[in-house]
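Trainee: I'm new to this structure and would like a close look at a single part of it. Could you walk me through one helix and its surroundings?

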Amino acid sequence: MAFTIMEGRDIGEVRIFTMSTCAWCDKMKALLSVNGIRYFYIDVDRVHPEERKQIIDYLDSIYPKWGFPCLLFDNRVLIVGYQEKEIVETLGLSVLVQEESKSMQEPLRDEIKNTMERLQRFSEKKRASLNPDKSIAAKLVSGLLENQNRYGYWACPCRLSTGDKMKDKDIICPCDYWEQDVAEFGACYCGLFVSERVITGEIIQAIVPERRLTKAE
Ligand code: SF4
C-alpha cells in the first residue's frame, strides 16, 4: 500500500486510513502532526481501484465495522473515527488540535460559503443545523463540491463512493440515513448536520456508527 510518510518522533508504527474529503480525517492528521510523531497515511479515495479493493479487504479482515478515519497502532490497536481521547491515551499524546484550524482564518471560497448558507437553510427546515464548528462544516462542504466535480453528484465526503450514481444513491448528500442519525445520535454520520439539542448543549455530538450495510468496492 502506498502510504505517505510524515516524519517525526518514532513512537511505534502509526498508520491511518483516511479520506481526502473527510473533516475528521484531516483532524486526525493534524493531531498526529501537532504532536510531532512519525505516521503513515493513505487517502483511500485517491488510490487506484485495485489498491482500494486491497485496502478494503485488509480492513475488513481486521474489523468489518471499520470506517474513516481508521488508526492502526503497531498492527494491534484499531481506532475507528476521530475518538480524540482514545487516540491521545493510546499514543501518549500531549498536544490537542486548536478548534479553529489555520485554514479557517482565511476567507472561505464563495462557492463554499454560499453552499453552507444554503445547507443551513435546508437543515433549519428539518429542525437541525450545520455543525457549529465552521472548520468542520467548511471542510465537509468542500468535500461535497469536490465530489460533485469528481463524480457528478454530492457523494458523502466520509464514505467511499463507487462513482456509479445508482450504486451510491443512498449516500448522496443529504443521505438516506441523516435524519435518523441526527434524531438518534445528534449528528449525521459525517457530522455535517447536527440536532438542535447539540446546538443548545443539551447533548454532546457523538461518534455516529455506520448505518449503511453496503461498502463501495
Ligand atoms: S448527510 Fe449523509 S451524506 Fe451528507 S455529510 Fe452527512 S452523512 Fe454524509
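Mentor: Let's take helix 4, then move on to its neighbours and the turns around it. Keep in mind that this is a predicted model.

Helix 4 covers residues 110–125. Start with its length: at 1.5 Å a residue, its 16 residues should span 22 Å, and the end C-alpha atoms sit 23 Å apart, which agrees. Now, which residues of helix 4 are buried? They are Thr-115, Met-116, Leu-119 and Ser-123. Look down the axis of helix 4 and you'll find these buried residues within an arc of 105°, so they line one face of the helix. The general rule helps here: an α-helix has 3.6 residues a turn, so residues three or four places apart point the same way.

Turn helix 4 around and look at the face away from its buried side. That face carries exposed residues: Asp-110, Asn-114, Glu-117, Arg-118, Arg-121, Glu-124 and Lys-125.

What does the buried side of helix 4 pack against? Its buried residues pack against strand 6 (128–130), helix 5 (134–151) and strand 7 (193–195).

Between helix 4 and strand 6 there's a loop, and Arg-127 is in it. Arg-127 has a positive phi of about 60° although it is not a glycine. That's worth a pause, since most residues other than glycine have a negative phi, and most peptide bonds are trans. Is Arg-127 buried or exposed? With 12 other C-beta atoms within 10 Å, Arg-127 is exposed.

Follow the chain past strand 6 and you come to helix 5, one of the elements that the buried side of helix 4 packs against. Do the length check again: the 18 residues of helix 5 should span 26 Å at 1.5 Å a residue, and with its end C-alpha atoms 25 Å apart, that agrees too. The buried residues of helix 5 are Ser-135, Ile-136, Ala-137, Ala-138, Lys-139, Leu-140, Val-141, Ser-142, Gly-143, Leu-144 and Asn-147. Notice that Lys-139 is in that buried set. The cover over the buried residues of helix 5 includes helix 1 (23–34), helix 4 and strand 6. Just after helix 5, Gly-152 has a positive phi of about 90°.

Further on, in the loop between helix 5 and helix 6 (178–185), you'll find Pro-174. The peptide bond joining Cys-173 and Pro-174 is cis, with omega about -5°. Cys-173 is also one of the residues that come nearest to the ligand, along with Cys-156, Cys-175, Trp-178 and Cys-188. There are 14 residues around the ligand, and this shell is made up of 14 nonpolar residues, with no polar and no charged ones.

For another cis peptide bond, go back along the chain to Phe-68 and Pro-69, where omega is near -15°. Pro-69 is in the loop between helix 2 (49–62) and strand 4. Strand 4 (residues 70–73) runs antiparallel to strand 2 (residues 14–18), joined by four bridges, and Val-14 has Phe-73 as its bridge partner in strand 4. Strand 4 also pairs with strand 5 (residues 77–80) in the antiparallel sense, over four bridges, with Cys-70 partnered by Val-80. Strands 4 and 5 form a hairpin with three residues between them, and Asp-74 in the turn has a positive phi of about 50°. Asp-74 counts as exposed, with 11 C-beta neighbours inside 10 Å.

How values were computed: Residues are numbered from 1 along each chain as its sequence is written. This is a predicted model: local features need pLDDT of at least 70, side-chain atom pairs count only at pLDDT 80 or more; totals for chains, interfaces and linings use all residues. A residue is near a molecule or strand if its C-beta atom, placed from the backbone, lies within 6 Å of it. Ala, Val, Leu, Ile, Met, Phe, Trp, Tyr, Cys and Pro count as nonpolar, Asp, Glu, Lys and Arg as charged, and the others, Gly among them, as polar. Two strands pair if DSSP finds at least two bridges between them. Helices (H or I, at least four residues) and strands (E, at least two) are DSSP runs, numbered from the N terminus. The expected span of a helix is 1.5 Å times one less than its number of residues. A residue is buried if 20 or more other C-beta atoms lie within 10 Å of its own, exposed if 12 or fewer, and partly exposed in between; C-beta atoms are placed from the backbone. The arc is that of the directions from the helix axis to the C-beta atoms. Two residues are in contact if their C-beta atoms, placed from the backbone, lie within 7 Å.
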